[in-house]
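Got the viewer open? Here's a short tour of what to select, stop by stop.

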Amino acid sequence: MRFLKVLFAILLVAAVITGVIYWLRRHRTEPPPTPTPFETKGKLQVVALDVGQGDGFLIISPGGKTALIDAGSAQAGDDVVAALQRRNLRTIDLAVATHPHADHIAGLRRVIGKLTVSNLLDSGQNFASDEYDRLQRAVKTRKVQFIKAKKGWKFSLDSGVELEAFNPRGDGRWITNIREGGSVENANSVVLRLSYGNFAMIFTGDAETDTETELVKHKFLLRAQVLKVGHHGSRHATSEKFLNAVKPEAAIISCGNDNRYGHPSQPTLDRLKKSNVKVYRTDLGGEIAVISDGNTFQVSTARQMNLASLWQGRIELEDLLVQPKKAAAKSKLKKEEID
Ligand SMILES: [Zn+2]
């Protein structure tokens, strides 16, 4: 009898411990609530997902259709999937790989593996990397419709929500005349304009000034209330000319807390400030949501941004190295590390 009592006590203690461990695990991994204090029903939502160093933008139309422009790095992939599942999303109507760098596409592969993705809009560039190969394999296995982007291509999400591609040029024509040290893949990023009534937002991927100049020259309808700042706030993107053409009221910079590339850069922040643009940064505010009724828009951040840091650029890791080491460090950047 006594033996049974002891056994029962041991089992009870073990059950309580297991229960506590299970509870702690569950609650530790429980994602934070959606940081949108505004009414979202019947409105257009654009969410800059908190993917660290990379890009990941979710669009939900008033009718519940979805688009996902990039989905961060491999490390961010699970967080992106969790962010989508938290919103009870099972299907992505249009996924976009702005260009084949890992900090944009690796997470997309995870999403394609876990959710039903109907279409993938790709920049269509030839790029040899393991990550891009894996993405293409996932597209085939999961029977995702593969679409090569081309300027003028339009996609109607629903309820008057439309996406239009301004870049790449398509038909095998690429921007190759780029700045020294720049990236052809970045220059040929898919650039999209999202519109809903009188509201518009521009997504530039990692395009820099060479691309911006072409867009301005071609007289695309660049005006938009919100700008997804090009190339994580790099000094080589978001030129004054481009800002004058877009005339954004708000700008979102997606970048990581500990990035080695110096994103966002001080000159870009200065240009945004000079143009009176309200800036939101994922490295400071976490997930950022833009809600629009087709006329006005509201922005909220998951965390309160430290205003003292908002206009302060980050320092490029290589700038801290002495000159001879600088070149060596640059050449050592692996393909998977190109931002
Ligand atoms: Zn990038």
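We'll go through a sheet and then a cavity, keeping in mind that this is a predicted model.

**Stop one: the sheet.** Switch to cartoon and pick out strands S7 to S13. You're looking at an open sheet of 7 strands, running in the order S7-S8-S9-S10-S11-S12-S13, with mixed pairing. Now colour residues 154-158 and 278-281: these are strand S7 and strand S13, the edge strands, and each of them has a pairing partner on one side only. Look along the sheet to see the twist: on average, neighbouring strands are turned by 20 degrees against each other, direction ignored.

**Stop two: one strand pair.** Select residues 199-203 and 226-228, which are strand S10 and strand S11. The two pair in the parallel sense, over 3 bridges. Zoom in on phenylalanine 203 and you'll find lysine 228 of S11 standing opposite.

**Stop three: the cavity.** Where is there enclosed empty space? The structure holds 1 cavity of 30 Å³ or more, and the volume of the largest cavity is about 30 Å³. To find that spot, show Ile178, Ser183, Asn186, Ala187, Glu208, Asp210 and Thr211 as sticks, as these residues line the largest cavity.

Which helices should you colour here? Go for helix H5 (184-187) and helix H6 (209-217), since each supplies at least two residues of that lining. Finish by colouring the lining residues by character: 2 are nonpolar, 3 are polar and 2 are charged.

Notes:
Residues are numbered from 1 along each chain as its sequence is written. This is a predicted model: local features need pLDDT of at least 70, side-chain atom pairs count only at pLDDT 80 or more; totals for chains, interfaces and linings use all residues. Side-chain values use heavy atoms; hydrogens and water are left out. On a 1 Å grid over the protein atoms alone, a cavity is a set of points where a 1.4 Å probe fits but cannot get out, and a pocket is an open set with protein on both sides within 12 Å along at least five of seven lines; lining residues have an atom within 4 Å of a point. Grid points are joined across faces, edges and corners, and a volume is the space filled by probe spheres set on the points. Helices (H or I, at least four residues) and strands (E, at least two) are DSSP runs, numbered from the N terminus. Ala, Val, Leu, Ile, Met, Phe, Trp, Tyr, Cys and Pro count as nonpolar, Asp, Glu, Lys and Arg as charged, and the others, Gly among them, as polar. Two strands pair if DSSP finds at least two bridges between them. Axes are lines fitted to C-alpha atoms, for helices over the stretch in contact, and angles run from 0 to 180 degrees between N-to-C directions.
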